[in-house]
Amino acid sequence: MQVRGSDWFTVFIILMLGLAIYTATSWPLRASIIVLVLGSAGLFMAVVQLAFDIRARHLKISPRSTPRLAMELPATESKNPKEDLLGTLEIWVWLLGLFLAIYVIGLRIALPLFVLSYARLYGASWRLSVFLAALIGAFMFGIYDNIMHVYWPDSILGNLLDLND
Amino acid sequence: MFEAFYLGLSTLASPEALAFLVLGVVLGLWGGALPGVGGPAQLAVLLPFAMLMEPVNAIAFLIGVTTVGNTGNTFTSVLVAVPGGSGSQATVLDGYPMARNGEARRALSAAFMVSMLGGLIGASLLFASIPVLKPIVRSFGSPELFLFTIWGLSMIGTMSAGAPLKGLTAAILGVLLSTVGQDVKSGTMRFDFEAPYLWEGISVVLISLSIFAIPEMIALAARKRMVADVNDIGTTGIWQGIKDAIRHKWLVVRSAVIGTWVGIMPGLGSDVADWFAYAHAKQTEKNTENFGRGDVRGVIAPESSNNAKEGGALITTLAFGIPGSTSMALLLIAFVAVGLTPGPDMLGNQIHYIFIIVIALALSQILASGICWAMIRPAAYVCFFPFYVLVPIIVSLCFLSAFSAHFSIYDIAALLVLSLLGYFMKINGWPRAPIVLGFVLGPKVELYLWLSIARYDMEWIWRPGVIILFSLITITLLFPAYTAWRRGTAEIGTKE
């Protein structure tokens, strides 16, 4: 029996639904009824989906015979899957790094710094990179600071230097 | 009636009122085009200024701000797959593929044309329906509203033709995500994991950004190319878009009527009008195999309905004093502050204000579409920007937009966690739109079901409105099976 990555994702969905149903059993009925009823239906459908997927592969049904997925944007044709995978890992590292930077140095500095470093590292000129970073900085200062008067989240650096709002 | 209309028209025709209308439209478009800035947040900021104005100026300004956001947010939905607001989520499904196919200008042009037409139809229905609407809306209780939301959910099965089980499971996941936080009926904390951040639940902004925008930006960053898959921006897109809108005029009208009706229903929420219209188009149009791949009808239907719903929402806000959304609630506060009395009184001695609102609504739609048309050509070049310009800017806007949900760093953490879900759904072939639709409809399904049982016990299932709506749901579920069966019979006949 061949099990693929997409099957593991379906298993993950099944586990999530199972966990949701189990958690809801400890709530009063008026709070849990929708989770119990719809969650059970979802769990059943996900299990059937997994069985269909594995059976289709076992019977070697060609992927071409599977109808196109509706209510979804068309997938991008990958010309170089290896490079795409590397690119995906790269951007996830950037996103996690940005979150860490927000936590350490604060949103106001982290976002322009992210724009500057990302644009510069992937080929933009210094002038363009600085312009883009300034654009985001000005947007935050103009809208969020001056019009919406937002309280920015505390950062470690802000706490150390007593710069938080 | 005609005297009141003339009085309304002549009052609004003053240069000062028109200037405030233009200012409101420009601000409304600007807020709509920037994710996280428009909608109720923008209205809340502008409200104190509007309350100091003369009534007619305040009406012109606020109608301009409130009713054109859905026209402005088409830009980001089509060009970079970032729904600028909750009313433009369905536009992404065909608008973004059109942009990737080099048809951004056609998609935008068609969207702005039908936005204007939809808005005008909504305004006309607002004008025409006030005398007859009262009994119809009053006949809609919680059982009918429950069936109405179930109708919305049942459309998912028919729309996810390639993977109905995955579509329905994704919708259920969306409903379950919507239950996170305090249950208002029992006070129970659901799925909060003892984290105070989750007590208020997850924002729909976070869901739409993490399910659509961030996964698309990840794909763009991984490909290291631009949005468009072609190098030519084309020269005929704008006229083609206008022709598309005219060619599909009946779809425009039907979608606008759906949008107006959804807007009229108090509590149904304006977030679902575009989905209802998209589902309707997919079900009733011929040759729908290109839906989701860049079919202009997939842009026309949601854009027509999401602007028409403003007229519908104003009907209940003005005639009954019942706001159908947060924006309408804020608008109601402003109207009361400047001396209007929304409710049945408004149909009597203040009826000329209703005409001012109808005319301002119609003018706003025309003005907004005109301004957006002028912006199509420069905006379409966004599709040809290199990834290292678009990715950091859009990711930053997404982070800021997510942060606007509760102004907490946990908003950004939640965005990343939910983006993982959106990303894995995308790469594993799970449709993502149903999760958003399930999330939007989930709280309403639960609330109206509970209200129906609490108010009517099980007697509610015999109400005439419930029976009619139940029949419509049955038709919705069986219609695709019937057409598939008929197609199959026809194919067998041809082979024989």
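## Reading a two-chain model

Q: Let's start with chain A. Which domains does the domain assignment give it?

A: There are two: domain 1 covers 5-65, and domain 2 covers 81-161. Keep in mind that this is a predicted model. Taken over C-alpha atoms, the centres of these two domains of chain A are 37 Å apart.

Q: Since it's predicted, what is the mean pLDDT of chain A?

A: Chain A averages 84, with 84% of its residues at 70 or more. You can then go element by element. In chain A, helix H4 (residues 107-121) has the highest mean pLDDT, 94, while helix H6 (residues 156-161) has the lowest, 84. Then look for weak stretches: over residues 63-69 of chain A, pLDDT stays under 50, and the model has 7 contacts beyond four places in sequence for them.

Q: How many helices and strands does chain A have?

A: Chain A comes to 6 helices and 0 strands. Along the sequence, that reads α-α-α-α-α-α. Chain B, by contrast, has 21 helices and 2 strands.

Q: What share of each chain is buried?

A: In chain A, 29% of the 165 residues count as buried. In chain B, buried residues make up 60% of 496. Next, see how far apart in sequence the contacting residues are. Taking contacts between residues at least 6 apart, 52% in chain A join residues at least 24 apart. For chain B, that share is 80%.

Q: How many residues does each chain put into the contact?

A: Here's the general idea: an interface's size is often given as the accessible area lost when the parts come together. In this case we have residue counts: 55 from chain A and 60 from chain B. On chain A's side, helices H1 (5-24), H2 (29-58), H3 (81-105), H4 and H5 (126-147) each supply at least two residues. H2(A) gives the largest share of that side, 12 residues. By class, the side of chain A that touches chain B has 41 nonpolar, 10 polar and 4 charged residues.

Q: What about the largest nonpolar core: how many residues has it?

A: As a general rule, nonpolar side chains in soluble globular proteins tend to be buried together. The largest nonpolar core here has 193 residues, and those with the most contacts inside it are Ile357(B), Ala360(B), Ile394(B) and Cys398(B). Helix H17 (residues 351-380) of chain B gives the most to this core, 16 residues. Domain 1 (5-65) and domain 2 (81-161) of chain A both contribute residues too, so this core lies between them.

Q: Which residues does Ala360(B) touch?

A: Leaving out residues up to four places away in sequence, Ala360(B) touches Leu12(B), Leu21(B), Ile59(B), Ala60(B) and Ile63(B).

Q: How far should a helix span, say the 20 residues of helix H18 of chain B?

A: Work it out at 1.5 Å a residue: H18 (residues 387-406) of chain B should span 28 Å, and its end C-alpha atoms are 29 Å apart, which agrees. H18(B) is mostly covered, with 19 of its 20 residues buried. After H18(B) comes Phe407(B), whose phi is positive, near 55°.

Q: Which residues are buried in H13(B)?

A: Try the span check again before that. The 16 residues of helix H13 (residues 249-264) of chain B should span 22 Å at 1.5 Å a residue, and the end C-alpha atoms are 22 Å apart, so the two agree. The buried residues of H13(B) include Leu251(B), Val252(B), Ser255(B), Gly259(B) and Ile264(B).

Conventions. Residues are numbered from 1 along each chain as its sequence is written. Chains are lettered from A and ligands numbered from 1 in the order in which they are written. pLDDT is the predictor's confidence in each residue, from 0 to 100. Helices (H or I, at least four residues) and strands (E, at least two) are DSSP runs, numbered from the N terminus. Two residues are in contact if their C-beta atoms, placed from the backbone, lie within 7 Å. The expected span of a helix is 1.5 Å times one less than its number of residues. A residue is buried if 20 or more other C-beta atoms lie within 10 Å of its own, exposed if 12 or fewer, and partly exposed in between; C-beta atoms are placed from the backbone. Domain bounds come from an automatic or database domain assignment. Ala, Val, Leu, Ile, Met, Phe, Trp, Tyr, Cys and Pro count as nonpolar, Asp, Glu, Lys and Arg as charged, and the others, Gly among them, as polar. A nonpolar core is a set of buried Ala, Val, Leu, Ile, Met, Phe, Trp, Tyr and Cys residues joined through C-beta atoms within 7 Å.
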